[in-house]
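Please look over the sequence and the structure shown below before reading the briefing. The points that come after are grouped by topic, so that each can be checked against the display.

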Amino acid sequence: MGLVQHPRMFPVQRILGNIVPCVFTPVLAKHSKSFSLIDCISVGVDRMQRNFEPMRKQVEAWQKSELTDVTAKVVIYEAFVEGKLEAPKHLARTVHDLYFEPKYEEFRARTIWSLSNAFTSAFKELDPIPQFKATAKLGEFLEARLSQPL
């Protein structure tokens, strides 16, 4: 059963649509002759790059934000024992070990960045969907927890 190509699909979409069916949705516009795929991709890449700067600044701030061992332990405790982070409780020991005995030199410093890495490294044990959900909630949890005094 072949993929029916819309006559107004752009050549790249026809080619890729034949390789991976249903990946591309045709662009239907009254004046699709004036549509520029290059311009469209350029605008999309530009929008993505604008979002990198705030993330880069957050990473730099977290790399400079030192934590005491007690603070890190409290955050791990609150995440798993008190259930303030939607993540499986059995990962608490893994996060603790990865933070206090990191596998990589880059994460030896006792910072929010290192703690974040310990969490995300532990989440790699999860199946993809639970891993995505836990990782998506992590930044907000750490930001909320560590922006206030313990």
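What follows covers the nonpolar core, the aromatic contacts, the salt bridges and a surface patch.

The model is a predicted one, and the values given here are computed from it. Its largest nonpolar core has 26 residues, a search of the whole structure finds five aromatic pairs, and nine salt bridges are present.

**Nonpolar core**

- Within the largest nonpolar core, which has 26 residues, the members with the most contacts inside it are Phe80, Leu85, Leu115, Phe119, Phe123 and Leu142.
- At least two residues of this core are supplied by each of helix 3, helix 4 (92–100), helix 5 and helix 6 (128–146), and the largest share, six residues, comes from helix 5.

**Aromatic contacts**

- Among the five aromatic pairs found in the whole structure is that of Phe80 and Phe119, which is stacked, with 5.7 Å centre to centre and 15° between the planes.
- Because Phe80 lies in helix 3 (residues 69–80) and Phe119 in helix 5 (residues 112–123), the pair ties together parts that are 39 residues apart in sequence.
- Phe80 and Phe119 are both buried, and ring pairs link these two residues with Phe123 and Phe141 into a cluster.

**Charges over rings**

- The charged end of Lys73 sits over the ring of Phe100, at 5.5 Å from the centre of that ring.
- In a second case, the charged end of Arg110 sits over the ring of Tyr99, 5.3 Å from its centre.

**Salt bridges between distant parts of the chain**

- Arg110, whose charged end sits over the ring of Tyr99, also meets Asp69 in a salt bridge between their side chains (3.2 Å, N to O).
- This pair links distant parts of the chain, with Arg110 in the loop between helix 4 and helix 5 and Asp69 in helix 3, 41 residues apart.
- Arg110 counts as partly exposed because its relative accessibility is 27%, and Asp69 is likewise partly exposed, with a relative accessible area of 37%.
- Glu78 and Arg145 form another salt bridge, in which the closest N and O atoms are 2.2 Å apart; here too the pair links distant parts of the chain, Glu78 being in helix 3 and Arg145 in helix 6, 67 residues apart.
- Glu78 has a relative accessible area of 8% and is therefore buried, while Arg145, at 11% relative accessibility, also counts as buried.

**Salt bridges within a helix and in a network**

- The side chains of Arg93 and Asp97 meet in a salt bridge (3.2 Å, N to O), and because these residues are four residues apart in helix 4, they are separated by about one helical turn.
- Of these two partners, Arg93 counts as exposed at 53% relative accessibility, whereas Asp97 counts as partly exposed at 32%.
- A network of salt bridges links Glu53, Arg56 and Glu60.

**Nonpolar surface patch**

- Leu37, Ile41, Val45, Met48, Phe52 and Met55 make a nonpolar surface patch of about 550 Å².
- One of these patch residues, Phe52, lies in helix 2 (residues 37–64) and counts as partly exposed because its relative accessibility is 48%.

Notes: Residues are numbered from 1 along each chain as its sequence is written. This is a predicted model: local features need pLDDT of at least 70, side-chain atom pairs count only at pLDDT 80 or more; totals for chains, interfaces and linings use all residues. Side-chain values use heavy atoms; hydrogens and water are left out. Patches are made of residues with over 30% relative accessible area and no salt bridge: like charges are joined within 9 Å, nonpolar side chains (Val, Leu, Ile, Met, Phe, Trp, Tyr) within 5 Å. Accessible areas come from the Shrake-Rupley method with a 1.4 Å probe; for residues, only the protein chains shown count as cover. A salt bridge is a side-chain nitrogen of Lys or Arg within 4 Å of a carboxyl oxygen of Asp or Glu. Buried means under 20% relative accessible area, exposed over 50%, partly exposed in between (1.4 Å probe, protein chains only). Rings of Phe, Tyr and Trp (its six-membered ring) pair if their centres lie within 6.5 Å; planes under 30 degrees apart count as stacked, over 60 as edge-to-face and the rest as tilted. A charge sits over a ring if NZ of Lys or CZ of Arg is within 6 Å of the ring centre and within 35 degrees of the ring normal. A nonpolar core is a set of buried Ala, Val, Leu, Ile, Met, Phe, Trp, Tyr and Cys residues joined through side-chain atoms within 4.5 Å.
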